Amino acid sequence: MGDFYQNGIITTLHNLCDRPLEQLEAELQSFSRTRPMALVLPSLFSELEGPALKNIVGHVRNASYLSQIVVGLDRADETQYRFAQEYFSLFPQPFRILWNDGPRLRAIDAQLQEQGLAPREMGKGRNVWYCFGYILASGKARAVALHDCDVLTYTPEMLARLIYPVANPNFSYEFCKGYYARVGGNKINGRVSRLLVTPLIRALKCVCGHSDYLEYLDSYRYPLAGEFSFQVDVLNDLRIPSDWGLEIGVLSEMKRNYATNRICQVDIADVYDHKHQPLSKEDASKGLSKMSHDIAKAIFRKLATNGEVFSSERFRTIKATYYRIALDFIETYHNDARINGLELDRHDEEEAVELFARNIMEAGNYFLDNPMEKPFIPSWNRVISAQPDILQRLYEAVEEDNQEMGGL
């Protein structure tokens, strides 16, 4: 059971009692009459072959308050897309699959690429961006939730609690971020959030001084959670990174576009576990190494847009400050693990901190060496301005794919 303490500058909605799921879902069902709800599921085809997504589909199919489900499918050929159609046909709710590697969506992507209006990198950010475009194009939802497809500990309460703050018409929230304890397999997980993001934010507060943006990021209990929900009008002006900086990018955009009293976080699970990424010490293009590099870049870019000036000397100071703070956090998490009877390997933790410290410097140098880089995917408002019929063409392409391949 969680506490009720409010930390930081955004609202925290706690799980203070075991409220029956039936009560939550009954309320959501009543909200759906005036505020129809959608769920976005960004997925790799490989996730259809694992146990996590099968369990998720089994629970989501009972969420009768959803009026639309949109699956963004990456890395799938035609045979795999047809398989996905049958796989997701278990949903009784209306659903559509965006076949991102199919010829119709590839053609739209190629045209947008020519104008510099499409994501340049493959990955979750690109997948989510096109799903958001389809949500806008279909015009069927007012409240939208998004979560990953590799959650091994998924429960129906997770989705109900995630979407509730933006679905309740008596609440004024535009955006809600999920949080949870990353505990699984008798271990404390979530190394990038625990050992990179929070210590880096604290180091930046020491070096750069007070910043509303840093206070805001520091308010999130699990800033890298892949689960969030929002009012649909949020999507029009959202500019997000296409790499691992997606979650930080979304949080940053919410701070830029909305007052903090329109933003909240909600406790959605007592425990949470999903597919683990390797540290990838030997290959900076993969695993947690690339993730840490992309996240550090995303934070530096946002601080720069707020007027912060960086130099090589300053990045060295940030790295040194980060390293000391991160080592202190290892001690804290070790003690937290011990009192809860959990495992925590201090050697592995320190290896991760050493890698993250190196990547903070490299991300800083990359930022200084590439001052003209366009790191964000254009907002849909900009794309619609350049291509007024883009949403209609995206909608028709998805509908034709689904009809041709046996969809609903």
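1. To start with the whole chain: there are 14 helices and twelve strands in this protein chain. Its radius of gyration comes out at 21 Å, close to the 22 Å that the globule rule gives for 408 residues, so the chain is as compact as a globular protein of that length. Bear in mind throughout that this is a predicted model.

2. A few more overall numbers. The C-alpha trace of the protein chain spans about 55 × 50 × 40 Å along its principal axes. Out of 408 residues, 56% count as buried. If you take the contacts with a separation of 6 or more, 81% of them come from residues 24 or more positions apart.

3. Now to the strands E3 and E4, a good place to begin looking. Strand E3 covers residues 66–74 and pairs with E4 in the parallel sense, over five bridges. To get from E3 to E4 the chain passes through helix H3 (residues 78–88), and this β-α-β crossover is right-handed. If you want one pair to find on screen, try Leu73, whose bridge partner in E4 is Trp99.

4. How many of the five residues of E4 are buried? The strand runs over residues 95–99, and five of its five residues are buried. Phe95, Ile97 and Trp99 point one way from E4, while Arg96 and Leu98 point the other way, and all are buried. Note that Arg96 is on that buried list too.

5. Back in E3, have a look at Gln68, which sits in that strand. Gln68 counts as buried because its relative accessibility is 4%, and the cut-off for buried is under 20%. Its side chain is joined to that of Ser138 by a polar contact of 3.0 Å. Setting aside residues up to four places away in sequence, Gln68 touches Met37, Ala38, Leu39, Pro94, Tyr134, Ile135, Ser138, Lys140 and Ala141. As for Tyr272, it is 204 residues from Gln68 in sequence, and the two are 25 Å apart in space, C-alpha to C-alpha.

6. Arg75 deserves a comment on its backbone. This residue lies in the loop between E3 and H3, and its phi is near 55 degrees, a positive value in a residue other than glycine. Is Arg75 buried or exposed? It is exposed, because its relative accessible area is 62% and exposed means over 50%.

7. Asn186 is another residue to check for the same reason: it is not a glycine, yet its phi is positive, at about 65 degrees. You will find Asn186 in the loop between strand E7 (183–184) and strand E8 (187–188). With a relative accessible area of 38%, Asn186 is partly exposed.

8. His14 is in the loop between strand E1 (11–13) and helix H1 (21–31). Despite the loop setting, His14 counts as buried, at 13% relative accessibility. A polar atom of its side chain lies 2.9 Å from the backbone oxygen of Tyr5. Leaving out neighbours within four places in sequence, the contacts of His14 are Asp3, Phe4, Tyr5, Gln6, Arg161, Tyr179, Arg221 and Asp267.

9. A second histidine, His276, belongs to the loop between strand E11 (263–269) and helix H10 (287–305). His276 is partly exposed, with a relative accessible area of 45%. Beyond its neighbours within four places in sequence, His276 is in contact with Arg182 and Asn189. Between the C-alpha atoms of His276 and Ala110 there are 32 Å, and the two residues are 166 apart along the chain.

10. On to H10 itself. This helix has 19 residues and reaches 28 Å from its first C-alpha to its last, close to the 27 Å expected at 1.5 Å a residue. H10 is mostly covered, with 16 of its 19 residues buried. Just after the helix comes Gly307, with a positive phi of about 100 degrees.

11. Last, helix H9 (residues 246–257). Its end C-alpha atoms are 16 Å apart, which agrees with the 16 Å that twelve residues should span at 1.5 Å a residue. Why can H9 be called largely enclosed by the rest of the structure? Because nine of its twelve residues are buried. The buried ones are Leu246, Glu247, Ile248, Gly249, Val250, Leu251, Ser252, Glu253 and Met254.

Conventions: Residues are numbered from 1 along each chain as its sequence is written. This is a predicted model: local features need pLDDT of at least 70, side-chain atom pairs count only at pLDDT 80 or more; totals for chains, interfaces and linings use all residues. Side-chain values use heavy atoms; hydrogens and water are left out. Helices (H or I, at least four residues) and strands (E, at least two) are DSSP runs, numbered from the N terminus. Buried means under 20% relative accessible area, exposed over 50%, partly exposed in between (1.4 Å probe, protein chains only). Contact means heavy atoms within 4.5 Å. The expected span of a helix is 1.5 Å times one less than its number of residues. A polar contact is a pair of N or O atoms within 3.5 Å; within protein, one must be able to donate a hydrogen and the other to accept it, and residues adjacent in sequence count only if both atoms are side-chain atoms. Two strands pair if DSSP finds at least two bridges between them. A crossover is right-handed if, with the strands pointing away from the viewer, the path from the first strand over the helix to the second runs clockwise. The radius of gyration is taken over C-alpha atoms; the globule rule is 2.2 Å times the number of residues to the power 0.38.
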